[in-house]
Amino acid sequence: MEVRCHHCGYAFQVTGDIFVVNRERADLVCPACQRSLQVVNPKLATFRSGSTEKKLSSITSAVADDGRLLRLPEDQEVCLKVLEGEERGTVYPVTKPRITIGRSNVDITVNDPMVSRVHCALEISDEGVLLRDLESANGTRVDNQPISAAVLRNGAAFRIGNHVFQLVISPKKP
Ligand SMILES: [Zn+2]
């Protein structure tokens, strides 16, 4: 990735994963002015700004294709944790009652050739969390079984391509 020094404006390339030690930020030294820089992981920054936007607008509900009312729980935080795949270790906060996962034009982008462009969706309602396959080429699997739709319990995992996601629901911090 390219990093631009905010002291002197010098732009330079950083190779490798600089967010290995800390997923949120990395400390670097500018090769031009030798001053220290803090670089924020762009992946996490994207999601942080996404959730900030969500807090500003009070729209946390939506209507599913089948007419069900979708909404995020008020007192719980819903996250998707990547257990396997290139994005392993990444935690995506779910900030909308319906999110899509796939390779492009989705809420969670997965860099995986086995994953369809729009692969699956997660729909959150008062009844629980529904995982829906969106006619993906390689399918969505829960307990190794291909599903078209499945209710996910807290801690349940599902596989798309080479990626395994785990649903993590926890009480909202006050
Ligand atoms: Zn500099």
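Two strands count as paired here if DSSP finds at least two bridges between them. Keep that cut-off in mind, because the tour moves from strand to strand by bridges. The model is predicted.

**Stop 1: the whole chain**

Show the protein chain as a cartoon. Its secondary structure comes to one helix and 17 strands. Now colour by burial. Of the 174 residues, 20% are buried. Turn to contacts with a separation of 6 or more: 39% of them link residues 24 or more positions apart.

**Stop 2: S9 and S11**

Select residues 98-102, strand S9, and residues 120-125, strand S11. Four bridges join S9 to S11, and the two run antiparallel. Four bridges satisfy the minimum of two, so S9 and S11 count as a pair. Click through the register. Arginine 98 faces glutamate 123 of S11. Isoleucine 99 lies opposite leucine 122, also in S11.

Is S11 mostly covered or mostly open? Mostly covered. Five of the six residues in S11 are buried.

**Stop 3: the other partner of S9**

Stay on S9 and add residues 108-109, which form strand S10. Two bridges connect S9 and S10, and here the strands run parallel. Look for glycine 102: its bridge partner in S10 is threonine 109.

**Stop 4: the S11-S12 hairpin**

Go back to S11 and extend the selection to strand S12, residues 128-133. Six bridges hold this antiparallel pairing. S11 and S12 make a hairpin, with two residues between them. Zoom in on serine 125, which stands opposite glycine 128 of S12.

**Stop 5: the six-stranded sheet**

Clear the selection. Pick out S8, S7, S17, S16, S13 and S14. In that order, these six strands form an open sheet with antiparallel pairing. Which strands stand at the edges? Strand S8 (91-93) and strand S14 (145-147) do. Each has a single partner strand, so one side of each is left without a neighbour in the sheet. Now look at the sheet from strand to strand. The twist averages 35° from one strand to the next.

**Stop 6: S16 and S17**

Finish inside this sheet. Select strand S16, residues 157-160, with strand S17, residues 163-171. Four bridges join S16 and S17, which run antiparallel. Centre on isoleucine 160. Which residue of S17 is its bridge partner? Histidine 163 is the partner of isoleucine 160.

Note on methods
Residues numbered from 1 in each chain as written. Predicted model: local features only at pLDDT ≥ 70, side-chain atom pairs only at ≥ 80, totals over all residues. Axes fitted to C-alpha atoms, helices over the stretch in contact; angles between N-to-C directions. Buried ≥ 20, exposed ≤ 12 C-beta atoms within 10 Å, placed from the backbone. Contact = placed C-beta atoms within 7 Å.
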